[in-house]
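The following exercises ask the reader to work from a sequence and a three-dimensional model. Each task is followed by a solution in steps.

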Amino acid sequence: MWKKIILLCLFILLPFTMLVACTGNEEEDLNKPAEDKPKEKTTSTDDEPGAEVYVNNRDAGNIQVIDSSTNEVLDTIRVGEKPTYNEIGPKGKYVYVANSQSEDVSIISTDNNEVVKTIPVGKTPKGINFTPDGDWVFVINEGEGTVTAIDTATMEKEATIEVGDKPHNGIASPDGSKFYVTNTASNSVSVINVASKKVTNTIEGIEGAPHNLNITPNGETLLVTLTQKGELGVIDLNKEKLTATIPVGTGHHVLDITADGKFAYVGNIGADYVSVVDMEKQKEVDQIKVGMGPHGTTISNDGKNVYVAVTSKDQVAVIDRKENEVVKRVNVESFPFFISTLENTDVIE
């Protein structure tokens, strides 16, 4: 009789015991900090659905896609060997990636984040950029002193253009008529006529190993990073002449300019900060600590954030431009080298 009573009590108490045990584990798990939970403040709902950020992880041989509204990696795309630079077309449909070691260009569809074509180019391609209309992509082949012109409609090479010694990067004029290429070992900038695909002028005397570059929205000023001097060279494009230099940090910098042309953000790979340059004053006015080795630097289309590939940390740092401070960090794979952004509003069907 007593055995039956004991068994009955156990039968009644067992579900309650299990319920308490399960609830206790859930509370304990909720109190534990998530390992991948960002420590920085989250993006506001005003940013939703957010920009897609494409990051070249040079030593991992891939591109990772970050959703800026969730601060999460959405996708990892295998490309060629040693991807160095990437650029998103003005129409937002494709991302072109220069793979320096495999000496080709991977074309990624933004619709499904898959490589749709690979195009062989010249030796050691580095910089890559579009004309504003999206009709042409120019790939700078550092190892042979040439630029490859790709027709985006056919995704085929259409021309090879000889430039200076060890060209590194290039940018088109806002009206799409010219394409400027830095020649690091020649201390010069080649000016390519986009229509003819020929060099029409060479801007000489850009001393200090010109490397990366960008252009003001009005098309009047070209900023060129001088890696041996830790300076930005200011080129007046009306005169096609170097008119000033601006001290910044050290290293082969990447820079972007705000849409209003008032500020430039410069990644200093030889230092641990991003320089903020006042374009009117032609002076560095702020330094934003991001960690050692910032390289790829780009401003979001809405102008609110700056995304920086921090090579030593394998991270992307997100700078809030209102405060000029890092508000988010995203862990990525090995040696993030360059970065570009795709706003959802840019994508066309």
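## Exercise 1. Confidence and overall make-up

The model is predicted; the mean pLDDT of the protein is 87, and 84% of its residues reach 70 or more.

**Task.** State over which residues the pLDDT is below 50, and how many helices and strands the protein has.

**Solution.**
Step 1. Residues 1–48 have a pLDDT below 50, and this stretch has 14 contacts in the model beyond near neighbours in sequence.
Step 2. Over residues 344–349 the pLDDT also stays under 50, and the model has 11 contacts beyond four places in sequence for them.
Step 3. Where pLDDT is low, the predicted coordinates should not be read in detail.
Step 4. The protein has 1 helix and 28 strands.
Step 5. Of the 349 residues in the protein, 53% are buried.
Step 6. Among contacts between residues at least 6 apart in sequence, 40% join residues at least 24 apart.

## Exercise 2. The nonpolar cores

**Task.** Determine which residues of the largest nonpolar core touch the most other members, and which strands each supply at least two residues of this core.

**Solution.**
Step 1. The largest nonpolar core has 17 residues, and those touching the most other members are Y96, V105, I128, V137, V139 and I150.
Step 2. At least two residues of this core come from each of β5 (94–99), β6 (104–109), β8 (125–130), β9 (136–141) and β28 (336–342).
Step 3. Consider Y96 in detail: leaving aside residues up to four places away in sequence, its contacts include V105, I107, I128, F130, V137 and I150.
Step 4. Y96 also touches residues such as N86, E87, S106 and T152.
Step 5. A second, separate core has 13 residues, among them Y180, L222, L226 and L237.
Step 6. As a general rule, in soluble globular proteins nonpolar side chains tend to be buried together.

## Exercise 3. An open sheet and a hairpin

**Task.** Find which strands stand at the edges of the open sheet formed by β12, β13, β14 and β15, and which residue is the bridge partner of T146.

**Solution.**
Step 1. The order of the 4 strands in the open sheet is β12-β13-β14-β15, and their pairing is antiparallel.
Step 2. β12 (167–172) and β15 (198–203) each have a single partner strand, so they stand at the edges and one side of each is left without a neighbour in the sheet.
Step 3. On average, neighbouring strands of this sheet are turned by 25° against each other, direction ignored.
Step 4. Between β12 and β13 (residues 178–183), which run antiparallel, there are 4 bridges; A172 stands opposite F179 in β13.
Step 5. Turning to the hairpin, β10 and β11 form it with 4 residues between them.
Step 6. M155 in the turn has a positive phi of about 55°.
Step 7. The antiparallel strands β10 and β11 (residues 156–162) are joined by 6 bridges, and T146 has E162 as its bridge partner in β11.

## Exercise 4. Salt bridges and their surroundings

**Task.** For the pair K126 and E142, decide whether each residue is buried or exposed, and state how many salt bridges the structure holds.

**Solution.**
Step 1. The structure holds 6 salt bridges.
Step 2. The side chains of K126 and E142 form one with an N to O distance of 2.7 Å. K126 lies in strand β8 and E142 in the loop between β9 and β10 (146–151), 16 residues apart.
Step 3. A residue is buried when its relative accessible area is under 20%. K126 has a relative accessible area of 15% and is therefore buried; E142, at 15% relative accessibility, is also buried.
Step 4. In the salt bridge between D272 and K289, the N to O distance is 3.3 Å. D272 lies in the loop between β21 (263–267) and β22 (273–278) and K289 in strand β23 (residues 283–289), so the pair ties together parts 17 residues apart in sequence.
Step 5. D272 is partly exposed at 27% relative accessible area, whereas K289 is exposed at 54%.
Step 6. R58, D59 and K82 are joined into one network by salt bridges that share partners. Within the pair R58 and D59, the closest N and O atoms are 2.9 Å apart.
Step 7. Both are partly exposed: R58 has a relative accessible area of 23%, and D59 is at 35%.

Notes: Residues numbered from 1 in each chain as written. Predicted model: local features only at pLDDT ≥ 70, side-chain atom pairs only at ≥ 80, totals over all residues. Heavy atoms only, no water. Core = buried A, V, L, I, M, F, W, Y, C linked by side-chain atoms within 4.5 Å. Buried < 20%, exposed > 50% of the residue type's maximum accessible area, 1.4 Å probe, protein only. Contact = heavy atoms within 4.5 Å. Pairing = 2+ DSSP bridges. Axes fitted to C-alpha atoms, helices over the stretch in contact; angles between N-to-C directions. Salt bridge = Lys/Arg side-chain N within 4 Å of Asp/Glu carboxyl O. pLDDT = per-residue confidence, 0-100.
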